[in-house]
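Ready for some practice with charged side chains? Take a look at the model below, then work through the exercises at your own pace.

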Amino acid sequence: MSSRNSDKRIELSRRSFLIGSVGTSVMMAFAPLSMAAPNITAEKALADKKFAPTVWFEINTEGEVLINIAKAEMGQHVGTALARIVADELGADWSRVRIQHVDTDPKWGYMVTGGSWSVFQSFTPLSQAGAAGRIALIEAGASLLGEPAETCATRNGQVVANGKAIDFAEVVQRGRFNRTFTADELGKLPVKPPSQRQLVGKNTSALDIPAKTNGTAVYGLDVEVEGMLYSRPIVPPTRYGSKVVAVDDQAARKLTGYRGYEVLEDPSATLQGWVAVLADSFPVAIKAADAIKVSYNVGPTAAVNEADIQAEGDRLVDDPSTGGLYVDDGDVVQARQQAAKTLSGRYRTATALHFTMEPMNVTAEFRDGNWHIHTGNQWQSLTLPVVAKALQVPESDVIIHQYFLGGGFGRRLYGDYIIPAALTAKAIGKPVKMIFTRPDDSRFDQPRSPSTQLFHASLDSANNLTGIEHAAAAGWPTLAMAPGFMPESVDKKTRVDLFSISGSDHWYSLPNHRVRAINNELAQKTFLPGWLRSVGPGWIGWGVESFMDEVAHAAGKDPLDFRLSLLDGAGKNAGKAPESVGGARRLANVLERLKQQSGWGKTL
């Protein structure tokens, strides 16, 4: 996912930062700006949790640093990455750093793991938080050492000065912490330069590896709660519009351990035409679901196939009136009219499924007045409101407990797989563990949409590329699941799903360049388009680079040299900090090194 539209993220850098002694620990947390009230100390606010501060890390009397991680772990070691940022600035002993993946709670702010956002958006605020913690530890440690604070530093879990050292453990035991940093003060804190970092960018052990290798890591699929029944869904023929007419479970009743079925009614309208099968074990649930016969009034897209969606994509890209402009540089019409040569290319991709190693699974239970949802999820802030709507309860009554994810790839961003388990548990009044078999998983996936791209290139008499027109049509996941992330198109005709067109605004400098983003409504009505890995660039980039090869061939130019000539870093392609330092020249450097090291152009 692209790093654009990051305004939805929690703005930690705009909050106060509190450091206070709470019990036997020192707690450090971001908190709302209302904490600026002069009569409320950091120590009291943290102890009372009156303002629901976002507790990010704490140091106990053993000198152990516990860092809370509000991101999903799905193989990318995000907990280790974020912990290293904090620990490096603190000067902590890495062997005494622990991480904890947290459940949903408003205090954590906006919870989402995707778009390569986690480190990108967290690095600065977490660095500043660590620096604030370091200052507090130095102030307390300096007093205990009898040394001026300006002569002290932190290193390997100790405050050190002039040959003296005191461990964080003793500082926490004997020191008193009660400090508030305003947002402005936090923003001005000195952060360590790369040359002084001991953890970030260094060869450091990942904190999640031991649990994954010794079998103690808990995934959603591992969860069991007392009194639960197993469930397998019977997925309807269409995503939308199907309705259950009759259910014949006569054959399933012969299975020992079969506990019946539920026809699910979903107030959120996410599920349409669903049946959930119940059993004492999952093998029985599998067999029962296979044995049960369900009659449907099927949804309107039951007869739509892949070829139909591709054909609609062709029609849309061929019609210049469809969609909205995502890029509009120069005058592509004039470039085409003045061209000595033109070239066209059409590229199609088919439906792509996620197939995570861990199939979709959810354990749902109602306990102590709350709905407890046990599963791995990437975007709790998007998912939880829909689950609450389906259960017809306030959002505050739903807690999503976080576990390791056996693969996410974007499938676990929008947790629609939670809803059938939760509704089944509500219907029978017992905890339910619902597991999707691989066929169920594939039929209920949020696949990457089939796509069609059309390119037109214009070349002058010297075979120089003077312009490209690019149209791309597909089903849009953001339109279906998070339309608030869609900005207005350049021509103000529509809103655009950036995740379905990113990569078309590439780093090649073109005097005339137009990109049209088009929603394939037939795809949108037939299934729920989903985010998959790099999303737009996964297929947009393939089309762009394939067409660049065709243009280079038509121009009689070496494809590598042709690309280098377009990666000049001019204008908007110069890049900017922090997300695209170096811009096009950074990419050109990669190609230049590749050319040199591979012996490109030499006879094989």
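The exercises below deal with salt bridges in this predicted model.

**Exercise 1.** Find out whether Asp93 and Arg96 are buried, partly exposed or exposed.

*Solution.* Start with the pairing: Asp93 and Arg96 form a salt bridge, with their closest N and O atoms 3.3 Å apart. That fits the rule, because the cut-off is within 4 Å. Next, take the accessibilities. Arg96 has 18% relative accessibility and so counts as buried, since buried means under 20%. Asp93, at 22%, counts as partly exposed.

**Exercise 2.** Work out which helices are joined by the salt bridge between Arg563 and Asp549.

*Solution.* First, check the contact: the N to O distance between these side chains is 2.8 Å. Then place each partner: Arg563 belongs to helix α16 (residues 559-566) and Asp549 to helix α15 (residues 536-554), so the pair ties together parts 14 residues apart in sequence. Finally, add the surroundings: Arg563 is buried at 9% relative accessibility, and Asp549 is partly exposed at 37%.

**Exercise 3.** Describe the pair Lys595 and Asp561 in the same way.

*Solution.* The closest N and O atoms of this salt bridge are 2.6 Å apart. Lys595 sits in helix α17 (residues 583-598) and Asp561 in helix α16, which makes this a link between distant parts of the chain, 34 residues apart. As for exposure, Lys595 is partly exposed at 29%, and Asp561 is partly exposed at 34%.

**Exercise 4.** Name the residues that salt bridges with shared partners join into one network.

*Solution.* The network consists of Arg239, Arg411, Asp416 and Asp445. For the overall picture, the model's count comes to 34 salt bridges.

Terms used: Residues numbered from 1 in each chain as written. Predicted model: local features only at pLDDT ≥ 70, side-chain atom pairs only at ≥ 80, totals over all residues. Heavy atoms only, no water. Buried < 20%, exposed > 50% of the residue type's maximum accessible area, 1.4 Å probe, protein only. Helix = DSSP H or I, 4+ residues; strand = E, 2+ residues; numbered from the N terminus.
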